[in-house]
Amino acid sequence: MMNLKHNNRAKTKLIGLSSVLIFALVTLTGCSDLGVKPWERDLLAKPEMQLITDPVDAGLDDHIYFSKEATSGGRSFGGGGCGCN
Amino acid sequence: MTTKKQISKPSSIGAALTVATCGLLGLSAPVASAKGQVGEWDVDTAVLFYSEADDRVQAAEPVVSATLNLEDERAWNIKFVADTLTGATPNGATPSDEIQTFTRPSGEGSYNVAAGENPLDDTFHDTRGALSTTWSAPLGRDYAYTAGAYGSIEYDYTSFGVNGSIARYLNNKNTTLNMGLSLSMDSIGPEGGIPNPLTRMPFEAGKSDDDFNKEFNASRSGPDDTKTIMDLLLGVTQVINRSTIMQFNYSLSMASGYMTDPFKILSVIDDNAGANYGGNFKDADGYNIYLYEARPDSRMKHALFWQTKHMLANGDVMDGSYRFMTDDWGITSHTLDFHYRWMLGSSYLEPHVRYYMQSEADFYKRYLTSSEYNGGSPVVTEASADYRLGELNSATLGLKWGYKLNDDQELSIRAEYMKQSSSGDSGFGKLASQDLYPDTDAFWVQVGYNF
């Protein structure tokens, strides 16, 4: 029974990891002409197109979710920081 | 005769708002200048108010983050965050059909929880100050690096860390490879000391001060304990086209040391078919048995993170991300996050939705049965009833409004509402009629001003 539970969990993990990897690979390699010329960066240079638009918002939210869930990090370092409840 | 007084009208509602809001925030309105100018500071300020329903955690959190832009794309950032927290937090015990008494974690006094109520420790109170700094600079034409350090201090917890990252640009800077490393050292010294894992919470009633102090001290292993955390992050950022950028990260986190929560306990529930069936198991002194929780002393986490940002033809921006995490505690989690920035001239509205789900840790137990308690020699070596290690879903809905006063200044306000739902073993006997998995409702509002 225990083994079955662990096998299922391992399978779920494997499927999850594989799906993300396959999706990333397909997305990255599926486009034939990735990237832009240096003079085509006007939109990407806008503040709202930065990967982290507002680092203060992101930091505060990360701190809340770090305190309330078992997962942290991913986008950046998970780190330590507080004995939060 | 009437005297007309010349009033210089604000050129726009925005300018008027600046003056009004800067006044409210106690700031003087700075002269406008574009962001990122060499020799200038860019400053982000915000205040967050966080509140949980049912008199649980309440927090106020001001933040100031300042970046000095230097020549040759070098920059120095310094950030200060303060936290003031009060309120109550679940202690891990199950609700009961009887009134329950708990010794405070400090050993100073006790508190009661009414029948049918979710046991909350209402002594939660802390103030935290955190300071971090990051230096970033290019290394030749094709590389860039960052180096950072931070310290966080609260009454019973300190954390110090260093981090660094290096980026390699490829393909006309359309591809960026990132590698980062972070090391953090944390120390916890709770009032009352570190409880011995899976030992019984002592009770003072009916005992002399000396006897209770001896019993309480015997339940403690020392005044404090430590843990270290090392994070490795490998990432690829790829420009897809003129309006789309994508990031993909893998991160590994290794923690070792004291990861137990010294304030959390577990109820012991009688599993015999006696008169007490389903009620809280009681010891010879007539008090219920609660054990201090115990977690493993190491944890390894793997996370995959994918994010894509895309600007639509009308200038609106879609930002979606997915994170998958798995660890050797048996927890697997999925996080989906989506923002849509709806551009409205000089202002914008940004709805936000986030969904998180996690499976329970291998050692998560809502309670221990009396047979698992085994007369004081528990048959398990690790157990925690902390709902944050159980099966858990969080759903968050939010909305942000931002107003660009000029090229350099922005005001914003955002509100987020989160509902957490837990599930798991529903108990037996009398316990089955108790709500073992109450929801957590949290609401936060943040006001920000960047200049």
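This is a chat about some salt bridges, a helix and a surface patch in a predicted model.

Visitor: Anything I should know before we start?
Guide: The model is predicted, so local features need pLDDT of at least 70 and side-chain atom pairs count only at pLDDT 80 or more, while totals for chains, interfaces and linings use all residues. Residues are numbered from 1 along each chain as its sequence is written, chains are lettered from A and ligands numbered from 1 in the order in which they are written, and side-chain values use heavy atoms, with hydrogens and water left out.

Visitor: Okay, how many salt bridges are there over all chains?
Guide: The count comes to 25. A salt bridge here is a side-chain nitrogen of Lys or Arg within 4 Å of a carboxyl oxygen of Asp or Glu.

Visitor: Why would those side chains pair up?
Guide: Side chains of opposite charge can pair when their charged atoms come close.

Visitor: Which residue does Arg414(B) form a salt bridge with?
Guide: Its partner is Asp57(A), with the closest N and O atoms 3.7 Å apart. Arg414(B) sits in strand β22 (residues 410-423) of chain B and Asp57(A) in helix α2 of chain A, so this pair joins two chains. Helices (H or I, at least four residues) and strands (E, at least two) are DSSP runs, numbered from the N terminus.

Visitor: Is Arg414(B) buried or exposed?
Guide: Arg414(B) is buried, at 4% relative accessibility, and Asp57(A) counts as buried too, at 10%. Buried means under 20% relative accessible area, exposed over 50%, and partly exposed in between (1.4 Å probe, protein chains only).

Visitor: What else is linked in that network of salt bridges?
Guide: Along with Arg414(B) and Asp57(A), the network links Asp54(A), Asp61(A), Lys400(B) and Glu416(B).

Visitor: And what about the pair Asp97(B) and Lys430(B)?
Guide: They form a salt bridge with the closest N and O atoms 3.5 Å apart. That pair links distant parts of the chain, 333 residues apart.

Visitor: Switching topic: which residues form the nonpolar patch on the surface?
Guide: Val162(B), Leu181(B), Leu183(B), Met185(B), Met230(B), Met254(B) and Met300(B), with about 540 Å² of accessible area together. Patch residues have over 30% relative accessible area and no salt bridge; like charges are joined within 9 Å, nonpolar side chains (Val, Leu, Ile, Met, Phe, Trp, Tyr) within 5 Å. Areas come from the Shrake-Rupley method with a 1.4 Å probe; for residues, only the protein chains shown count as cover.

Visitor: Which strand gives the most to it?
Guide: Strand β9 (residues 175-188) of chain B, with three residues. Met185(B) lies in that strand and counts as partly exposed, at 42% relative accessibility.
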